[in-house]
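Let's take a walk through this structure together. Have the sequence and the 3D view ready, and follow along one piece at a time.

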Amino acid sequence: MKRLAGHQTYFFPYIGFFTVLNSSDIFIYGDELQYEKKSWMNRNRIIGEDGKIRYFTVPLKKAKIKTPTNKMEICYHKDWQQDILNQLGYYKKRAPYYDDVVEMLKCLFAQKHHYLSELAIDSVDVTLQKLGIKEKKIIKMSELELNPPENIVADEWGLYMCEYFKDEHIDTFINAPGGKGFYDVSKYEAHGIKTEFLQNNLRPYDQGLDVFAEGLSIIDVLMFNSTEEVRDMINDYHLI
């Protein structure tokens, strides 16, 4: 069984994103997919200095509706990189891996990314490097010659990519839990493609809060857990 996964590009996503990526044999970054406002594409959540859950955000220039993420320009009118670093005060006081994570962020922010997808993809890549997760076939959608039909339905992108890689013997398309109500699995079954939806168990860890805040950015996970612990957490999932 070989598994393929495709996903929109997210900026320092939650651990479930890495569960899907790490469980795939081929992973496709959907950098040509449309940018969605108020999504995880350019923001995520961490613990604010007051102990409440806060968003950190990458500001973007105004663009037309249906602009893909690889054409969404990042706005540098203010120092948003430093703003994000400044938001990590809660962790500086409590997280054992604060210095390591901040160094990772500073190295990423030292590069000036022009488009959102570039930054989002690199945010995942530096995390994979930190965790020592290698030997994955990871490809950008823009690097493929997919040539989909103009009338392609949104939930058929995964099927189309599985067909594209049929010579790789892909027989399973995997996705995050949110895809359960989005994909028409009968379409995939008709083409001999099995579908699986992976639910990370979001294992609790000590955040210094009264109640565990699950599903925060991978930044939060890395702050409080060793690389070995994070890898174990990524592999802790069940099918739904």
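Helix α1 is a good place to begin: eight of its eight residues are buried, so the helix is largely enclosed by the rest of the structure. Buried here means under 20% relative accessible area, while exposed means over 50% and partly exposed covers what lies in between, using a 1.4 Å probe and protein chains only. The buried residues of α1 are Ile15, Gly16, Phe17, Phe18, Thr19, Val20, Leu21 and Asn22. As for the labels, helices (H or I, at least four residues) and strands (E, at least two) are DSSP runs, numbered from the N terminus.

Before going on, a word on what you're looking at: this is a predicted model, in which local features need pLDDT of at least 70, side-chain atom pairs count only at pLDDT 80 or more, and totals for chains, interfaces and linings use all residues. Residues are numbered from 1 along each chain as its sequence is written, and side-chain values use heavy atoms, with hydrogens and water left out.

Which helix does α1 meet at roughly 75 degrees? That's α9 (residues 227-234), and the two axes come within 9 Å of each other. The angle makes α1 roughly perpendicular to α9, a label for angles of 65 to 115 degrees; under 35 counts as roughly parallel, over 145 as roughly antiparallel and the rest as oblique. The axes are lines fitted to C-alpha atoms, for helices over the stretch in contact, with angles running from 0 to 180 degrees between N-to-C directions. On the α1 side, the contact (heavy atoms within 4.5 Å) is made by Ile15, Phe18, Thr19 and Asn22, and on the α9 side by Val230, Met233 and Ile234. By class, that's five nonpolar, two polar and no charged residues. Nonpolar covers Ala, Val, Leu, Ile, Met, Phe, Trp, Tyr, Cys and Pro, charged covers Asp, Glu, Lys and Arg, and the others, Gly among them, are polar.

Now for the aromatic rings. Phe17 and Phe18 turn up again in one aromatic cluster, along with Tyr10, Phe27 and Tyr29. The structure holds 18 aromatic pairs. Rings of Phe, Tyr and Trp (its six-membered ring) pair if their centres lie within 6.5 Å, and planes under 30 degrees apart count as stacked, over 60 as edge-to-face and the rest as tilted. Phe11 and Phe56 make an edge-to-face pair, 5.7 Å centre to centre with 70 degrees between the planes. This pair links distant parts of the chain: Phe11 sits in the loop between β1 and α1, and Phe56 in strand β4, 45 residues apart. Phe11 is buried at 0% relative accessible area, and Phe56 is buried at 1%.

Next, try the loop between β2 (26-30) and β3 (43-47), where you'll find Gln34. Gln34 is partly exposed, at 35% relative accessible area. Its C-alpha lies 5.1 Å from that of Lys66, though the two are 32 residues apart in sequence. Lys66 belongs to the loop between β4 and α2, has a positive phi of about 75 degrees although it is not a glycine, and is exposed at 64%. Back in the loop between β2 and β3 there's also Lys38, another non-glycine with a positive phi, about 55 degrees.
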